[in-house]
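Here are some comments for a colleague at the bench, to be read with the structure open alongside. They take up a pocket, two loop residues and the packing of helices.

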Amino acid sequence: MFRPWEANWFANPKDYTKMLHEDLEMRRVILARLRNAGIAKIETERSSNAQLTVTIHTAKPGIVIGKGGSSVDQLREDLEKRFGNRVRISIQEIKQPELDAQLVAENIASQIERRISYKRAMKQAILRTMRSGAKGVRIYCGGRLRGAEMARREWDREGRVPLHTLRANIDFGRATANTTFGAIGVKCWIYKDVAAPLRKQPVVTDAAAPIAEIAPQPDLAAVLAEQPQIEAQVVTAEPEVATPTPAPRRARATTTTTAKPAAKPKADPKAKAAAPKAKAVPKAKAAEKKAPAKKPTTTTKKKT
């Protein structure tokens, strides 16, 4: 996803097999010659003029260079005689060897060859790697551990090592410890961090405004010179606009207060009590007027 190739060159189909075997043989020669130099990675690059560039990543550049550069010159001459190409060697130093999985695996293998306990070597390597800033480390050892007659596998881990995450920056390395009772294989995984995805650069189209159309400096100076006059006009216009605004708000407030109905005055209870007594007299008089007067009745006595 994000790690480049260790061999950068292009070849025709006829020459591909030959160049591939040249690269493999060159790596074997360099690793066998500089075994104690702490070499982590070897990159090769071929140019069109038959020149081979070899980049050696090492934790001990002094051993690779030698006194006065004698070791590098001797190595370059041997490679040119063996492969018949012009060889250019460049050396890059690894500043944190504890975060390189290949160097960690080789360190554990060398300790096992010196009869140091594999558990102790694994624990110390994990502790140093986590102190250096790694987010996770896993170490695996397999073979006749401690000289046992039956081979077994032991592994230890600290932190997290997400092997199924494609963007996880996990460095992998392996080494072999050649002991008197057999070969012991060592594998190491170091999880550094999740690699950020590559951001695509915006493509400039014809519709986009090019940089050449930006106004030149004299026009910008003229605009800046006119800017104070515009500000003065804006300041003078502010009070004229602000004065009529409070008048309608006050009118609305008065209308809302007058719209409320006025409360009816309460009648006096004494007046209500006196009113029916005063009206009772005229009602009686009216009844007398309306009633017809009764005619007097006369009684006649019969004569006997």
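The numbered points below go through these topics in turn.

1. Please bear in mind throughout that this is a predicted model, and that every value quoted here is computed from it.

2. The largest pocket deserves attention at the outset, with a volume of about 1,600 Å³ and a lining made up of 49 residues. Of these lining residues, the ones that lie nearest the centre of the pocket are Ile39, Ala40, Gln102, Leu103 and Glu106, and they offer a convenient place to begin when looking at the model.

3. Which elements supply the lining of the largest pocket with at least two residues each? They are the helices H1 (16–33), H4 (101–113) and H5 (118–131), together with the strands S2 (39–46), S7 (168–179) and S8 (182–194). The most is given by S7, which contributes nine residues to the lining of the largest pocket.

4. As to chemical class, the lining of the largest pocket holds 21 nonpolar residues, alongside 16 that are charged and twelve that are polar.

5. Two of the helices that supply the lining, H4 and H5, also form a pair whose axes come within 9 Å and cross at roughly 155°. Since angles over 145 degrees count as roughly antiparallel, H4 is therefore roughly antiparallel to H5, and the crossing of H4 and H5 is right-handed.

6. Another pair consists of H1 and helix H3 (residues 70–83), whose axes come within 12 Å and cross at roughly 150°. That angle makes H1 roughly antiparallel to H3, and the crossing of H1 and H3 is again described as right-handed.

7. Arginine 115 has a positive phi of about 65°, although it is not a glycine, and a reader checking the backbone may wish to look at it in its setting, which is the loop between H4 and H5. Is arginine 115 buried or exposed? With a relative accessible area of 67%, arginine 115 is exposed, because the cut-off for that term is over 50%.

8. Arginine 146 likewise calls for a look at the backbone, with a phi near 60°, a positive value in a residue other than glycine. Arginine 146 is found in the loop between strand S5 (136–143) and strand S6 (152–159), and with a relative accessible area of 61% arginine 146 is exposed.

Definitions and conventions: Residues numbered from 1 in each chain as written. Predicted model: local features only at pLDDT ≥ 70, side-chain atom pairs only at ≥ 80, totals over all residues. Heavy atoms only, no water. 1 Å grid on protein atoms, 1.4 Å probe; cavity = no way out; pocket = protein on both sides within 12 Å on 5 of 7 lines; lining within 4 Å. Points joined across faces, edges and corners; volume = space filled by probe spheres on them. Helix = DSSP H or I, 4+ residues; strand = E, 2+ residues; numbered from the N terminus. Nonpolar A, V, L, I, M, F, W, Y, C, P; charged D, E, K, R; others polar. Buried < 20%, exposed > 50% of the residue type's maximum accessible area, 1.4 Å probe, protein only. Axes fitted to C-alpha atoms, helices over the stretch in contact; angles between N-to-C directions. Parallel < 35°, antiparallel > 145°, perpendicular 65-115°, else oblique. Left-handed = near helix turned anticlockwise from the far one by under 90°.
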